[in-house]
Amino acid sequence: MVYAIDINKGRLRILTETAKSHQVNSFITTIEADLRLFADSNVVHYDKVLLDAPCSGLGVLSKRADLRWNRRLEDLDQLKNLQDELFDAASLLVKPGGVLIYSTCSIDPEENEERVDAFLLRHPEFCIDPADRFVPSDFITKRGFYSSDPVKHSLDGAFAARLVRAL
């Protein structure tokens, strides 16, 4: 089963429609909620949690030219705070031995590696699980994170860190 939690009703509607078109809607439950509030009140823990964090979108500028003109330095500081809050909330949902994936569509280290490093300082019960068993080595950083580079890979830029909670 997949439980999709999002504060945005429109994104959940699109997910539901897409799931129906692929005939997998019986496996997906959507929950409209702020993850920070949901995690605080939820008693269920999950094997795997994917946090697709809101980000600057610096990895998808070729598709979202509007982002180039609509960003300020203060926006990034607010985003980093939100990313940290959502990262902490997502961690509450991971059962011992479970996996937490943190991902963005950004190529900015401040939103990626730096967020993971800050998280690991706050949550020593998690450790990095290198992603090299799951994706080609060309996409793996020295620290074991997934990273796609728009120039190097001719793909959108993206980042993901796979973390495991101690038993």
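This report describes the overall fold, the annotated site, the salt bridges and a surface patch of a predicted model.

**Overall fold**

The protein contains six helices and seven strands. Their order along the sequence is β-α-β-α-β-α-α-β-α-β-β-α-β. The radius of gyration is 16 Å, close to the 15 Å that the globule rule gives for 167 residues, so the protein is as compact as a globular protein of that length. Along the principal axes, the C-alpha atoms fill a box of roughly 40 × 35 × 35 Å.

Of the 167 residues, 40% are buried. Among contacts with a separation of 6 or more, 71% are between residues 24 or more positions apart. The protein exposes about 10000 Å², and carbon and sulfur atoms supply 56% of that area.

**The annotated residue, Cys105**

An unreviewed UniProt entry carries the annotation "active site" for Cys105. In the model, Cys105 sits in the loop between β4 (94-104) and α5 (113-122). Its relative accessibility is 29%, so Cys105 counts as partly exposed; the class runs from 20% to 50%. Leaving aside residues up to four places away in sequence, Cys105 touches Cys55, Gly57, Leu58, Gly59, Val60, Gly157 and Ala158.

**Salt bridges**

The structure holds 15 salt bridges. Three of them are listed here with the distance between the closest N and O atoms.

| Acidic residue | Basic residue | Closest N and O atoms |
|---|---|---|
| Asp77 | Lys80 | 3.7 Å |
| Asp129 | Arg162 | 2.7 Å |
| Asp138 | Lys152 | 3.4 Å |

The salt bridge between Asp138 and Lys152 has its closest N and O atoms 3.4 Å apart. Asp138 lies in the loop between β5 and β6 and Lys152 in helix α6 (residues 150-153), so the pair ties together parts that are 14 residues apart in sequence. Asp138 is partly exposed, with a relative accessible area of 42%, while Lys152 counts as exposed at 54% relative accessibility. Elsewhere, salt bridges that share partners join Asp84, Asp88, Arg115 and Arg122 into one network.

Within that network, Arg115 is placed in helix α5. Arg115 has a relative accessible area of 9% and is therefore buried, since buried means under 20%. Beyond residues up to four places away in sequence, Arg115 touches Lys80, Gln83, Asp84, Phe87, Tyr102, Pro109 and Glu110. One of these contacts, Lys80, also takes part in a salt bridge with Asp77.

Asp77 and Lys80 both belong to helix α4 (residues 73-92) and are three residues apart, about one turn of the helix. The two partners fall in separate accessibility classes: Asp77 counts as partly exposed at 41% relative accessibility, whereas Lys80 is buried, with a relative accessible area of 15%.

In the pair formed by Asp129 and Arg162, the closest N and O atoms are 2.7 Å apart. Asp129 lies in the loop between β5 (126-128) and β6 (146-148) and Arg162 in strand β7 (residues 158-165), so this salt bridge ties together parts that are 33 residues apart in sequence. Both Asp129 and Arg162 are buried.

**Asp47 and its contacts**

Asp47 is part of strand β3 (residues 46-52). With a relative accessible area of 48%, Asp47 is partly exposed. Apart from residues up to four places away in sequence, Asp47 touches Lys95, Gly98 and Val99. Asp47 and Lys95 are 48 residues apart in sequence, but their C-alpha atoms are 5.9 Å apart in space.

**A nonpolar surface patch**

Which residues make the nonpolar surface patch? Met1, Tyr3, Val24 and Phe27 make this patch, with an area of about 410 Å². Val24 is located in the loop between α1 (9-21) and β2 (28-32). At 33% relative accessibility, Val24 counts as partly exposed. Patch residues need over 30% relative accessible area, so the value of 33% for Val24 is over that cut-off.

Technical notes. Residues numbered from 1 in each chain as written. Predicted model: local features only at pLDDT ≥ 70, side-chain atom pairs only at ≥ 80, totals over all residues. Heavy atoms only, no water. Patch = residues over 30% accessible without salt bridge, like charges linked within 9 Å, V, L, I, M, F, W, Y side chains within 5 Å. Areas by Shrake-Rupley, 256 points an atom, 1.4 Å probe, with all protein chains shown as cover. Salt bridge = Lys/Arg side-chain N within 4 Å of Asp/Glu carboxyl O. Helix = DSSP H or I, 4+ residues; strand = E, 2+ residues; numbered from the N terminus. Buried < 20%, exposed > 50% of the residue type's maximum accessible area, 1.4 Å probe, protein only. UniProt positions renumbered as here; feature names shortened; annotations may be inferred. Contact = heavy atoms within 4.5 Å. Rg over C-alpha atoms; globule rule 2.2 N^0.38 Å.
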